[in-house]
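Student: I should like to work through the architecture of this protein in a few questions. May we begin with the structure itself?

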Amino acid sequence: MAAATSPVAEPGGKLVPGRWFDGLSSQAKPVLVGLQPTPKGPSLALHPLSQPGATPTVFTWGEVGWPEAWSERRPQQRVVVDLRDHGSLEIDAVAQWHAALAAAGGRPSLAGRMQTRWPVLLGVTAVAIVGLTLFYRYGTPWAATELTRFVPVSWEASVASNVLTQMDKGTLKPSKLSKERQAQLQARFDTLVQQVPTGLQRYPGYRPTYTLSFRSGMGANAFALPGGTVVMTDGLAKAAEKQGLDDDALIGVLAHEIGHVAQRHTTRMIVQQGVLQMGMGLALGDVSGIVATGASVLTGLAYSRNHEREADCFAIALMGHAKLPTAPMGKLLLAIAKDEDGEEKAEKKKTATAAKEGASAPAETTAPRKDSEALGPVWSLLSSHPDTVERAKELEQGHALHCPKPA
Ligand SMILES: [Zn+2]
């Protein structure tokens, strides 16, 4: 590294006085620092003052840990240059150092420019925000969809069995439907599963064991757990009966739930949260936990909406393939949504009246809890409540513009 350069013939400009702590002796060596332009950036030469005329020690641009650029508003007392294995260099003549560095073609690093120039800082921030937004919106769903291929169906089945056990201990009660009625619906469900065309398989080779379970203890609903478990409530069967709809309405709902399973929505969502946390960790370090939680709540809503639409498209395609109508399912969906709205309004009225009378209402009645909320991460029929009217219309028509064209 030591190139012979005379301190007299220093083409890079003036020499700057400094102290070199070479890491070998505890005493600082007084030196004169010379900066010379090279194609890769300035080189740094140290001329020991104790030995005038001796060969200087020269460091190339890459061998020096260049200090951050300075801000004119916050003048530095001293510049410290990291010489890595060769210790460090302290310079008190700060202005002289910067002038010599600029004369030798030294450009401040990006981090240095961010400290000194607001437009650069704003630009970098804007690029980071756009990058992260694109990453959430397109990167994570894509990565999750791809990574889900590697998740074994046995893992999904164990998650499902845990979730259902928890729900059975909580809200869910055993079904009161007769054995005959259950067997009747079970048979139609099994036939429907057999009729899923290969063209509808998003994950080729994915063969979950589809099972239909009956429960009560919540309103009219149906939901899918990963790995093939579909649950239908007595309330759903009752709602269809009340509307005078035949079993095609219920079968349509089950087709929608089979869609959630076949498209592995729950697994994709879980994998996506993992990808999001990891990505945020890489991008933001320590604050990632807070930001990722907020972001996953916000993006979770958008994804669940997409998943509902995907499951609807699956139902439309499967019912079409099985030569069954989707209109009854649309009517059922709408009727349930209207019922829920009515209950919610009645609940609000009750709460308002209670508040007016000054009665301290118990917590359960002040905060009406919808079944769809009680389900948490599970995909349920009504989890995208605001879209229900639009969805019901599409189902009644038997087609939706957003669905992929059948192959
Ligand atoms: Zn759904």
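The exchange below concerns a predicted model.

Student: What is the order of the strands in the open sheet formed by six strands?

Tutor: The pairing in this sheet is antiparallel. Its edge strands, each pairing on one side only, are β4 (57-59) and β5 (79-82). The twist from one strand to the next averages 30°. The order is β4-β3-β2-β1-β6-β5.

Student: Which residue in β4 does leucine 46 stand opposite?

Tutor: Strand β3 spans residues 43-48 and runs antiparallel to β4, with three bridges joining the two. Across from leucine 46, in β4, stands threonine 57.

Student: What angle does the direction of helix α1 make with that of β1?

Tutor: Helix α1, residues 94-103, packs on the sheet. The helix touches β1, β2 (29-36), β5 and β6 (88-91). Its direction and that of β1 make an angle of about 100°.

Student: Is valine 16 buried or exposed?

Tutor: Valine 16 lies in strand β1, which covers residues 16-21. A residue counts as buried if 20 or more other C-beta atoms lie within 10 Å of its own. Because valine 16 has 23 other C-beta atoms within 10 Å, its state is buried.

Student: What distance separates the C-alpha atoms of valine 16 and tryptophan 97?

Tutor: Leaving aside residues up to four places away in sequence, valine 16 touches Val33, Ile91, Ala93, Gln96, Trp97 and Ala100. Valine 16 and tryptophan 97 are 81 residues apart along the chain. Their C-alpha atoms are separated by 6.3 Å.

Note on methods:
Residues numbered from 1 in each chain as written. Predicted model: local features only at pLDDT ≥ 70, side-chain atom pairs only at ≥ 80, totals over all residues. Helix = DSSP H or I, 4+ residues; strand = E, 2+ residues; numbered from the N terminus. Buried ≥ 20, exposed ≤ 12 C-beta atoms within 10 Å, placed from the backbone. Contact = placed C-beta atoms within 7 Å. Pairing = 2+ DSSP bridges. Axes fitted to C-alpha atoms, helices over the stretch in contact; angles between N-to-C directions.
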